[in-house]
Amino acid sequence: MKVNNVIIYTVSSLFVLSFLFFLIAMGYSSIDSVTASSLNEKLIEYEKKAVEATKLEASRKEWRNIDKVIDQFKNKYFMKYDEFSRFRSDLRSNFMKFRLQLQMKNKVRYTYKRIFKDMTKVIVKFVLTGSYVDIKKLIHHFTTELYEDKMVIFRRIEFHKRPQGDVAGDFLLEVYLAR
């Protein structure tokens, strides 16, 4: 019986060893499947995500500062409400300076439209008569000397020749005001 027990133990131990060898081989093959190329692909993917996260964070910082940027823009390019009365008087005094006459019962029409809570667009309409050169000087004076850095925009200028030999100019301006 001793011989049978030795054979049984030997066969059993060989079976256990072969089973362990099988498990080790399976583990090695699964480790081998995670190759350097798959690790490199994952590294590239993570780097792309890191770059996207950096861009997203920069965008978020810009949006956090949007109120400051809008305020800087308004302060630089929008006329203050207090300055608008000066604009109105400048407009009238420059009509006289450049020898231009207001038509339509000397009226300059102002239409106010609120565009945001503290911003207003003023549409200014008027008709001037005078020489073409004088009207051109007025436009140049307003756009380059008086209000070159403010949002005073000539939206429409239509000229009509009059029988007296001078020109009538139909103007539409936009002026942007901020508090």
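Q: Buried means under 20% relative accessible area, exposed means over 50%, and partly exposed lies in between. How many residues of β6 are buried in this structure?

A: The model is a predicted one, and the reading that follows concerns that model. In β6, 11 of the 12 residues are buried, so this strand is largely enclosed by the rest of the structure. Strand β4 is likewise mostly covered, with 11 of its 12 residues buried.

Q: How should one read the pairing of strands, and how many bridges join β4 to β6?

A: Two strands count as paired if DSSP finds at least two bridges between them. Strands β4 and β6 run antiparallel and are joined by 12 bridges. Within this pairing, V124 stands opposite L173 in β6, and G130 stands opposite V167 in β6.

Q: Which other strands pair with β6, and in which sense, parallel or antiparallel?

A: Strand β5 runs antiparallel to β6, with nine bridges between them; here E158 stands opposite D170. Strand β1, residues 79–80, runs parallel to β6 and is joined to it by two bridges. On that side, A178 in β6 is the bridge partner of K80.

Q: Which strands pair with β4 besides β6?

A: Strand β3, residues 109–116, runs antiparallel to β4 over seven bridges, and Y110 stands opposite V124 in β4. V124 therefore has a residue opposite it in each of two pairings, Y110 in one and L173 of β6 in the other. Strand β2, residues 101–102, also pairs with β4 in the antiparallel sense, over two bridges. There the bridge partner of Q101 is T129 in β4.

Q: How many residues lie between the strands of the hairpins?

A: The hairpin of β3 and β4 has two residues between its strands. The hairpin of β5 and β6 has five, and in it G165 takes a positive phi near 100°.

Q: What is the general idea behind a nonpolar core, and which residues touch the most other members here?

A: In soluble globular proteins, nonpolar side chains tend to be buried together. In this model the largest nonpolar core holds 26 residues, and F87, V124, F126 and V175 touch the most other members. Helices α4 (81–97) and α5 (132–146), together with strands β4 (119–130), β5 and β6, each supply at least two residues of this core. Strand β6 gives the most, with five residues.

Q: With which residues is F126 in contact?

A: Beyond its neighbours within four places in sequence, F126 is in contact with L91, F95, L102, K107, V108, G169, D170, F171 and L173. One of these, L91, falls within the range of helix α4 (81–97).

Q: Which residues make a nonpolar patch on the surface?

A: L14, F15, V16, L17, F19, L20, F22, L23 and M26 make a nonpolar surface patch of about 930 Å². Among them, F19 has its place in helix α1, residues 2–33. F19 is partly exposed, with a relative accessible area of 44%.

Q: How is a salt bridge recognised, and how many salt bridges are counted?

A: The test is a side-chain nitrogen of Lys or Arg within 4 Å of a carboxyl oxygen of Asp or Glu. By this rule the count comes to 10 salt bridges.

Q: With which residues does R156 form salt bridges?

A: R156 meets the side chain of E158 in a salt bridge, at 3.7 Å from N to O. R156 also forms a salt bridge with D170, where the closest N and O atoms are 3.5 Å apart. This second pair links distant parts of the chain: R156 lies in strand β5 (residues 152–161) and D170 in strand β6 (residues 167–178), 14 residues apart. R156 is partly exposed at 31% relative accessible area, and E158 is partly exposed at 34%.

Q: Is D166 buried or exposed, and with which residue does it form a salt bridge?

A: D166 forms a salt bridge with R162, the closest N and O atoms being 2.9 Å apart. D166 has a relative accessibility of 19% and so counts as buried, whereas R162 is partly exposed at 22%. Elsewhere, D71, K74 and D118 are joined into one network by salt bridges that share partners.

Terms used:
Residues numbered from 1 in each chain as written. Predicted model: local features only at pLDDT ≥ 70, side-chain atom pairs only at ≥ 80, totals over all residues. Heavy atoms only, no water. Buried < 20%, exposed > 50% of the residue type's maximum accessible area, 1.4 Å probe, protein only. Helix = DSSP H or I, 4+ residues; strand = E, 2+ residues; numbered from the N terminus. Core = buried A, V, L, I, M, F, W, Y, C linked by side-chain atoms within 4.5 Å. Contact = heavy atoms within 4.5 Å. Patch = residues over 30% accessible without salt bridge, like charges linked within 9 Å, V, L, I, M, F, W, Y side chains within 5 Å. Areas by Shrake-Rupley, 256 points an atom, 1.4 Å probe, with all protein chains shown as cover.
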